[in-house]
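Open the model in your viewer and keep the selection box at hand. The tour goes stop by stop.

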Amino acid sequence: MNIRPAPTLHASLPSVAEDPRWTRIVTRDKSADGRFWYSVSTTGIYCRPSYPSRTANPKNVALHDTLESARATGFRPCRRCNPDGPSLACENAALIARACRLIEESEEEPSLEELAATVGRSPSYFHRVFKTSTGLTPKAYAAGHRARKVREGLETGTSVTEAMYDAGFNSSSRFYEKSTGMLGMTPTQYRAGGANEEIKFAVGQTTLGAILVASSTKGVASILLGDDPDELVRDLQDRFPKARLIGMDREYEALIARVCGFVESPGIGLDLPLDVRGTAFQRRVWQALQEIPVGERVSYAQIARRIGAPSAARAVAGSCAANTIAVAIPCHRVVRNDGALSGYAWGVDRKRSLLDREAPRTA
């Protein structure tokens, strides 16, 4: 009588490599930390999915839905990724939050060395982690915070001198040296709501609807798209409530004609002096947008990586939404990871039309 041997247990089990969680281990997906763990029989340790080690052979790996299950293997926790405690990303987030509070609460801008010492890290490591987490260097974050304090002080009626000292400037010469770049105008003008600032503007018509172009003495400050020309003018008035708005003259006609021509035929290019007003992070995003070639689409995550802030994709999306200079700062070229168009301040249909016009033509 022939007796067929019983199948071994492991032959009936699916391979770890076929489990979708294995891909998250291979890609060191930090978002998987805390969702599952894995152990490696050849090393006798268990780890979190994001552990940056050489990828183990899946034949030697077991996946665990709970930390208790990983511990039950009898293996020791990995000393490097600390699967029993908070992830490195969580620890770094707490450190950065602490450093941001210190920057915001200090009367004078703390040095990189002081910040690093406060959180117990080396200056180079702290600088790298801070930039990755916030999208800004500690110095740029401090400058942005001071600029925000200056704006808030001037908007609430504080004198220019009081706003200067409250924001941590201990020298009027240094303050005035940086103030126009921070505010887009002199502190006195900003305090008066842009009073006496001259804004030239003109309204034109394109196949996408009405278009308004407005410029300060520094360059183009707004390009707005819409259906109703009067509504665009009201929008401009809301943005510059106390500025002197000056209607189109013959010289300005040529500028709006260039912008309208670019909307219709993006291949001709558009090189304009811009008066960009925003936070330090927004300006970095907008600069990256201006470097996207005509006909190319990128994702929010790709822009985040390009500016050295890979975890700031959501903040990048917010900066795109805050852009007030349509087409010249081409936020319409940024799409979701799956290629979906997502939102656009001037309507998704206009975004689709702009992208269609920029798409390379095949013979």
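Which residue just after helix 4 takes a positive phi? Select glycine 120: its phi is about 75°. This is a predicted model, where local features need pLDDT of at least 70, side-chain atom pairs count only at pLDDT 80 or more, and totals for chains, interfaces and linings use all residues. Residues are numbered from 1 along each chain as its sequence is written, and side-chain values use heavy atoms, without hydrogens and water.

Step back to helix 4, residues 112-119. Helices are DSSP runs (H or I, at least four residues), numbered from the N terminus. Leu115, Ala116 and Val119 are buried here (under 20% relative accessible area, 1.4 Å probe, protein chains only). Look down the axis of helix 4: the buried residues fall within an arc of 95°, so they line one face. The arc is taken from the directions from the helix axis to the C-beta atoms.

Add helix 3, residues 88-105. Its axis comes within 10 Å of that of helix 4, and the two cross at roughly 130°. Axes are lines fitted to C-alpha atoms over the stretch in contact, with angles from 0 to 180 degrees between N-to-C directions. Show the side chains: Leu95 and Leu102 are among the helix 3 residues that meet Leu115, Thr118 and Val119 in helix 4. Contact means heavy atoms within 4.5 Å.

Now select Ile223. Its contacts include Val213, Val259 and Trp346, leaving out residues up to four places away in sequence.

Terms used: Buried < 20%, exposed > 50% of the residue type's maximum accessible area, 1.4 Å probe, protein only.
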